[in-house]
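Biologist: Could you take me through one part of this model up close? I'd like to hear about the aromatic rings and how they sit with the rest of the chain.

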Amino acid sequence: MVEGMEELPGALGTSSSFALRLGQTVFSSASLFYMCLDVDFYGYSAFCFLVMVMGLVISWSTTLLIVDAYSIFIKKVPKQPRFIFTITVGDMVLSYLLLAAACSTASVTDLLKSADKSYCPENLCSRYQISAAMAILSWILSSASCLINFWIFPSL
């Protein structure tokens, strides 16, 4: 086992990493669910961007959730530098995409809400706001995971 990896909460193969990935998956799924409750989301590119990013994040987080579960049950942590580097870069790219999608969704929703009630009825705007909030929560967990893996990488 790599020195220092078992002490750091959130390191790959730990129960805290499993919790981070589970949170990312749950919040991303909730964001996608609230965005797709309305069929008019495709009319705005920011909303389509959020749906695309959430699809990527859900598949990425679910895959790493399975890797973490396997590592926890087998009690063997993957310690190959290429593997950790790939996860770090993937988390970093998805963190940037998540932040961009969440912020663009929130700003478009705010613009639609302040423009006129005909563009965004109250129930639709509240769904879009909840979707953006869930995306921000997913971004927080994703960036935490990225920072933890980035911290671990030099020790390999």
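**A close look inside the chain**

Modeller: Let me start with a charged residue, D91, which counts as buried because its relative accessibility is 0%. Keep in mind that this is a predicted model. The partner of D91 is R21: their side chains meet in a salt bridge, with 2.8 Å from N to O. R21 is buried too, since its relative accessible area is 1%, and the cut-off for buried is under 20%. R21 sits in helix α1 (residues 15–36) and D91 in helix α3 (residues 81–115), so this pair ties together parts that lie 70 residues apart in sequence. The structure holds one salt bridge, so you've now met it.

Now for the rings. The structure holds three aromatic pairs. Take Y44 and F47: their ring centres are 5.4 Å apart and their planes stand at 70 degrees, so we call that pair edge-to-face. The angle is what decides it, because planes over 60 degrees apart count as edge-to-face. As for cover, Y44 is partly exposed, with 27% relative accessibility, whereas F47 is buried at a relative accessible area of 0%.

F47 also pairs with Y128. Here the centres are 4.3 Å apart and the planes are at 40 degrees, so the pair is tilted. That angle is neither under 30 degrees, which would be stacked, nor over 60, so tilted is what remains. This pair links distant parts of the chain, with F47 in helix α2 (residues 45–74) and Y128 in helix α4 (residues 122–152), 81 residues apart. Y128 has 3% relative accessibility, so it counts as buried. Put the rings together and you get one aromatic cluster, formed by Y44, F47 and Y128.

Right after Y128 in the numbering comes Q129, which has its place in helix α4 as well. Q129 is partly exposed, because its relative accessibility is 35% and the partly exposed class runs between 20% and 50%. If you leave out residues up to four places away in sequence, Q129 touches T109 and K113. S61 is another matter: Q129 and S61 are 68 residues apart in sequence, and their C-alpha atoms are 23 Å apart in space.

Now step back to the whole chain. It has four helices and zero strands, so reading along the sequence gives you the pattern α-α-α-α. The C-alpha atoms fill a box of roughly 60 × 25 × 20 Å along the principal axes. Of the 156 residues, 42% are buried, and F47 is one of the buried ones. The links between distant parts that we saw in F47 and Y128 can be set beside a figure for the chain: among contacts between residues at least 6 apart in sequence, 80% join residues at least 24 apart.

On the outside, the accessible surface comes to about 8,300 Å², and carbon and sulfur atoms account for 72% of it. As for charge, the chain has 8 positive and 10 negative charges, and their mean positions are 8 Å apart.

So, if you're turning the model on your screen, begin at the F47 and Y128 rings, which are tilted at 40 degrees, then find Y44, edge-to-face with F47. After that, go to R21 and D91 for the salt bridge.

Definitions and conventions
Residues numbered from 1 in each chain as written. Heavy atoms only, no water. Helix = DSSP H or I, 4+ residues; strand = E, 2+ residues; numbered from the N terminus. Buried < 20%, exposed > 50% of the residue type's maximum accessible area, 1.4 Å probe, protein only. Contact = heavy atoms within 4.5 Å. Areas by Shrake-Rupley, 256 points an atom, 1.4 Å probe, with all protein chains shown as cover. Lys, Arg positive; Asp, Glu negative; His and termini not counted. Charge placed at Lys NZ, Arg CZ, Asp CG, Glu CD. Phe/Tyr/Trp six-rings, centres within 6.5 Å; stacked < 30°, edge-to-face > 60°. Salt bridge = Lys/Arg side-chain N within 4 Å of Asp/Glu carboxyl O.
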